[in-house]
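Could you walk me through this structure, piece by piece? I would like an explanation that moves from one region to the next and shows how the parts are placed.

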Amino acid sequence: MHCAYSPLKNFPKSEAHVLSADIRGSMYRLLKLVITVDRRHYKLTTMTELDIELDFLRELVRFSHEEKMLSFRQYQVWSGHLAELGRMVGGWIKWAKEKAAAEAEKKKGVKR
């Protein structure tokens, strides 16, 4: 997360307390949701929240680039990191769904 602070410091003062703060807040919410998912027994709902927050952060970063607050290179780096996080979250969600389906099948077999 520390690599994200440098570009945020270069945002114009008019956006420093708005868009920059929203991006930082979104990064902190992502971190909190990852920790929450790790601690919960039923993970899928929280994983969906995590996926939504990641999409929100992607949009904030895209908007920052469109408004010329992030250079093309900075945008590429951020996009790469966010894409990797998306793949991780997607894999985690797939795993959770498969696990839930396997547990449902197991319970179904026990009831017969």
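Helix α5 is the main contributor to the lining of the second largest pocket, giving six residues to it. This is a predicted model, and in it that pocket holds about 280 Å³ of space. Its lining is made up of H41, Y42, K43, L44, W95, A96, K99, A100, E103 and K107. A general idea helps in reading such a region: rolling a probe the size of a water molecule over the atoms shows where empty space is left.

One of these lining residues, K43, leads us to the next stop, since K43 is touched by D38. D38 belongs to helix α3 and also touches W92, when residues up to four places away in sequence are not counted. With a relative accessible area of 49%, D38 is partly exposed, because exposed would require over 50%.

Now let us step back to the whole fold. The protein has five helices and zero strands, so that, by the way such elements are assigned, its order from the N terminus on reads α-α-α-α-α. Of its 112 residues, 29% count as buried. The accessible surface comes to about 7,900 Å², and carbon and sulfur atoms account for 58% of that. Among contacts with a separation of 6 or more, 62% join residues 24 or more positions apart.

Back to helix α3, which covers residues 19–39. How far apart are its end C-alpha atoms? They are 30 Å apart, and this agrees with the 30 Å that its 21 residues should span at 1.5 Å a residue. The buried residues of α3 are L19, S20, I23, G25, S26, M27, L30, L33, T36 and V37. It is worth keeping in mind here that an α-helix has 3.6 residues a turn, so residues three or four places apart point the same way.

Two of those buried residues, L19 and I23, take us into the largest nonpolar core, which has 22 residues. L19 and I23 are among those with the most contacts inside it, together with L8, F11, L57, V61 and W78. Helices α3, α4 and α5 each supply at least two residues of this core. In soluble globular proteins, nonpolar side chains tend to be buried together. Beyond its neighbours within four places in sequence, L8 is in contact with S20, I23, R24, M27 and W78.

Helix α4, residues 44–66, holds E53. Is E53 buried or exposed? E53 counts as buried, because its relative accessibility is 12% and the cut-off is under 20%. Leaving aside neighbours within four places in sequence, E53 is in contact with S26, R29, L30 and L33. Of these partners, S26, L30 and L33 are listed among the buried residues of α3.

Our last stop is the loop between α4 and α5, where K68 lies. K68 is not a glycine, yet it has a positive phi of about 65°. For background, most residues other than glycine have a negative phi. K68 counts as exposed, since its relative accessibility is 71%. Past this loop, helix α5 includes Q76, which counts as partly exposed at 38% relative accessibility. The C-alpha atoms of Q76 and H65 are separated by 9.7 Å, and the two residues are 11 residues apart along the chain.

Technical notes:
Residues are numbered from 1 along each chain as its sequence is written. This is a predicted model: local features need pLDDT of at least 70, side-chain atom pairs count only at pLDDT 80 or more; totals for chains, interfaces and linings use all residues. Side-chain values use heavy atoms; hydrogens and water are left out. Helices (H or I, at least four residues) and strands (E, at least two) are DSSP runs, numbered from the N terminus. Buried means under 20% relative accessible area, exposed over 50%, partly exposed in between (1.4 Å probe, protein chains only). Contact means heavy atoms within 4.5 Å. The expected span of a helix is 1.5 Å times one less than its number of residues. A nonpolar core is a set of buried Ala, Val, Leu, Ile, Met, Phe, Trp, Tyr and Cys residues joined through side-chain atoms within 4.5 Å. Accessible areas come from the Shrake-Rupley method with a 1.4 Å probe; for residues, only the protein chains shown count as cover. On a 1 Å grid over the protein atoms alone, a cavity is a set of points where a 1.4 Å probe fits but cannot get out, and a pocket is an open set with protein on both sides within 12 Å along at least five of seven lines; lining residues have an atom within 4 Å of a point. Grid points are joined across faces, edges and corners, and a volume is the space filled by probe spheres set on the points.
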